[in-house]
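Subject: Structure handover

Hi,

Here is the structure I promised you. Please open it alongside this email and follow the notes below.

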Amino acid sequence: MLERIYDFIIIGAGSAGCVLANRLSADSCCSVLVIEAGGMDGQLMMSMPLACGKVFYDPALNWPIASDPEPRADNRIIKLAAGRVIGGGSSINGMMYTRGHPRDYDRWVQLGCTSWSYEDVLPYFRKAESNWRRESGTHGHSGPLTTSPPLKDRLFDVFAETGRKLGYGVTDDFERDGPEGFGLPDTTTHAGRRASTSQRYLRPALKRANLTLVCRAQTNRILLEDKHAVGVEYVKNGIVQQARARREVLLSAGAFNSPKLLMLSGIGPADHLHEMGIACAHDLPGVGRNLQDHYGFSVVYRTRGRMDFDGQMRLDRLTGSVLQWKLTGRGPISGLPLTAIAFLRTREEIPSPDIELLFTPASLDAQAWFPGWRPANGQKMAISVSLMRPASSGRVMLRAADPSAPPRIILNYLAEPEDRVTLLRAVHLIRTIMRTEPAASLVERELSPGVGACDDESVAAHIRATVRSMQHASGTCAMGNGQNSVLDPDLRVRGIAGLRVADASVMPVVIAGHTNAPTIMIAEKAADLILGRSFHGAAVGRSAALGAHHLT
Ligand SMILES: Cc1cc2nc3c(=O)[nH]c(=O)nc-3n(C[C@H](O)[C@H](O)[C@H](O)COP(=O)(O)OP(=O)(O)OC[C@H]3O[C@@H](n4cnc5c(N)ncnc54)[C@H](O)[C@@H]3O)c2cc1C
């Protein structure tokens, strides 16, 4: 068996893993190995913002995962996505840049995550970012992650005006003004193309002699000696190999695969490991629990006239737009298929928004068309609601002790009555918006749930039949000091030395926004924690720098 030794081994080159690879290898004295199960990210479609929906579920770029049948969603299996490619989720996602509400991070502090308040994490959001605006207290201007202004279509003003009439604010910067009211998010793009962490963090660092990337290699388990992580076992080209870590193993395999790998390594709930026939190295009941995800559904309208978006989707025009985008990085292809978003409260008395609405200028199944080839489908628009503060949470478990078996994913959507009530209120709110001018003038009729669904029971039935994931899975290796916490606030796995987790799984509560930028922030902060640096780069002590033997 081949075996090599590195200072740090990073499992997963996703949103977080690529950040770690860049920041840790910036110190030429550290050798870093990154192991990624997916391949490189060269496909044209991936870099086109307008085509982002085409890569969301592409099996060539995704893990073959799905939920178990969901009892409160008509026993449906819910489709899930998780990038299996360098850049991970950031290579297949919707490119919307949001940070969540400052209160979310203050809540993390209440749950024992000291030094994760919004004030604490803001410097890391800024460090990551190269925002298109001027540098400010809110935005960074020299980080790797470029953000661009959203492309606004004609309908943005319609929804902004409708929002104002209903008493909501309209902003051109959710991060400066706070995520509430109507607006459009910045996009994580660079020169009209997707700005994944692979493109912006990993690739520029690959020229460093101290950074090694192994692609199409699946980690099977973390190697432990006396509750100390000393390396990993992975399979590349059918050959089982091992690599040793002098300093730390860093797990960045995402909210589904990070808990799976801990459990395959014998770290997790003892009873479940026993059931799976895995020797328990360390009983950590919280591993895989606390699975939180934003979930929701769409209300679809038939519009009075054809949508402008439909015109853009005519094959000849689309071809022209692709050429324009290839040559200049501009034009419709460089923008998202999104008219507006809104963060709203479904009840006055709550302190911050509990839903997000996404207004899309087409139905979710919009496709290219041409007379005589495929008919246009241009008189539809969809308003999707996403539950920002889900009370229901699920669990990731092993299906088998075989590393190639996908994990069992129990989402528990709609389990908590609070979520069901919030989603019903969201439908009422959407209907109010769409009955208010000028938005009302767009509408011919509601197609789904439909004009016939006027009572709460029929709307609830529609919700059960159509509820879907917004793909923000988090929380399965939560930091904090609760009974089910897996990590301490420095992201170290409780009870195991030399092992940290840094990805979306560490969030104790999912933030009320899209999760890519927060995951990148987590990895930026993790790099400083690992290297024993405070934000300004000062060393904070040898024990921290060495990942400390932290046995609890
Ligand atoms: C379809 C979709 C749309 C989204 N849209 C948005 C959006 O518009 N805005 C936003 O902010 N967020 C969005 N998100 C969410 C966001 O992209 C994720 O929260 C984020 O990418 C999570 O990052 P991560 O580092 O935790 O995991 P990932 O980015 O998933 O990285 C994990 C990496 O580890 C690798 N890996 C896993 N297991 C192993 C193993 N055993 N061995 C080796 N490698 C392994 C994976 O292949 C992957 O590359 C979206 C997500 C999806 C899926």
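Tyr97, Arg133, Asp172, Asp173, Phe174, Glu175, Leu184, Pro185 and Asp186 line the second largest cavity. This is a predicted model, so treat what follows as computed from it. The volume of that second largest cavity is about 50 Å³. Its lining splits into four nonpolar and five charged residues, with no polar ones.

How many cavities of 30 Å³ or more does a search of the whole structure find? It finds two. The largest cavity holds about 60 Å³ of space. Its lining is made of Pro150, Leu151, Leu184, Pro185, Thr187, Gly335, Leu336 and Leu338. Six of these residues are nonpolar and two are polar. None is charged. Leu184 and Pro185 appear in the lining of the largest cavity and also in that of the second largest.

Tyr97 has another role to note. Its side chain makes a polar contact of 3.0 Å with the side chain of Arg99. Arg99 also reaches Glu129, side chain to side chain, in a polar contact of 2.9 Å. Where does Arg99 sit? It is in the loop between strand 5 (residues 96-97) and helix 4. Is Arg99 buried or exposed? Arg99 counts as buried because its relative accessibility is 0%, and the cut-off for buried is under 20%.

Now the pocket. The second largest pocket has a volume of about 520 Å³. Its lining takes in 28 residues. Nearest its centre are Arg107, Leu111, Gln292, Pro508 and Val509. By class, the lining has nine nonpolar, 13 polar and six charged residues.

Next, the ligand. There are 38 residues around the ligand. Ser15, Glu36, Gly89, Thr515 and Asn516 come nearest. By class, the shell has 15 nonpolar, 20 polar and three charged residues.

Three ligand contacts are worth a look:

- Glu36: an N or O atom of its side chain is 2.6 Å from an oxygen atom of the ligand.
- Met95: a backbone N or O atom is 3.1 Å from an oxygen atom of the ligand.
- Thr219: a backbone N or O atom is 2.9 Å from a nitrogen atom of the ligand.

How much of the ligand does the protein bury? Taken alone, the ligand exposes 1,000 Å². The protein buries 95% of that. Which elements give two or more residues to the shell? They are helix 1 (15-25), strand 13 (217-224), helix 9 and helix 15 (516-531).

Helix 9 deserves its own paragraph. It spans residues 254-264 and is mostly covered. Of its 11 residues, 10 are buried. They are Ala255, Phe256, Asn257, Ser258, Pro259, Lys260, Leu261, Leu262, Met263 and Leu264. Gly266 follows helix 9. Its phi is positive, near 90 degrees.

Then the backbone. Two residues other than glycine with positive phi are on my list. Asn75 has a phi near 60 degrees. Asn75 lies in the loop between strand 3 (66-70) and strand 4 (76-79). Ser115 has a phi near 70 degrees. Ser115 is in the loop between helix 4 (102-110) and helix 5 (118-128). Why does Ser115 count as partly exposed? Its relative accessible area is 31%, and partly exposed runs between the 20% and 50% cut-offs.

Last, the cis peptide bonds. One joins Glu437 and Pro438, with omega about 0 degrees. Pro438 lies in the loop between helix 13 (417-434) and strand 24 (443-448). Another runs from Ser448 to Pro449, with omega near 5 degrees. Pro449 is in the loop between strand 24 and helix 14 (456-466).

If you only have a few minutes, start with the ligand and its contact to Glu36. Then go to helix 9, which gives two or more residues to the ligand shell. After that, look at Arg99 and its side-chain contacts to Tyr97 and Glu129.

Best wishes

Methods
Residues numbered from 1 in each chain as written. Predicted model: local features only at pLDDT ≥ 70, side-chain atom pairs only at ≥ 80, totals over all residues. Heavy atoms only, no water. Buried < 20%, exposed > 50% of the residue type's maximum accessible area, 1.4 Å probe, protein only. Helix = DSSP H or I, 4+ residues; strand = E, 2+ residues; numbered from the N terminus. 1 Å grid on protein atoms, 1.4 Å probe; cavity = no way out; pocket = protein on both sides within 12 Å on 5 of 7 lines; lining within 4 Å. Points joined across faces, edges and corners; volume = space filled by probe spheres on them. Nonpolar A, V, L, I, M, F, W, Y, C, P; charged D, E, K, R; others polar. Near = heavy atom within 4 Å. Polar contact = N/O pair within 3.5 Å; in protein donor to acceptor, adjacent residues only side chain to side chain. Areas by Shrake-Rupley, 256 points an atom, 1.4 Å probe, with all protein chains shown as cover.
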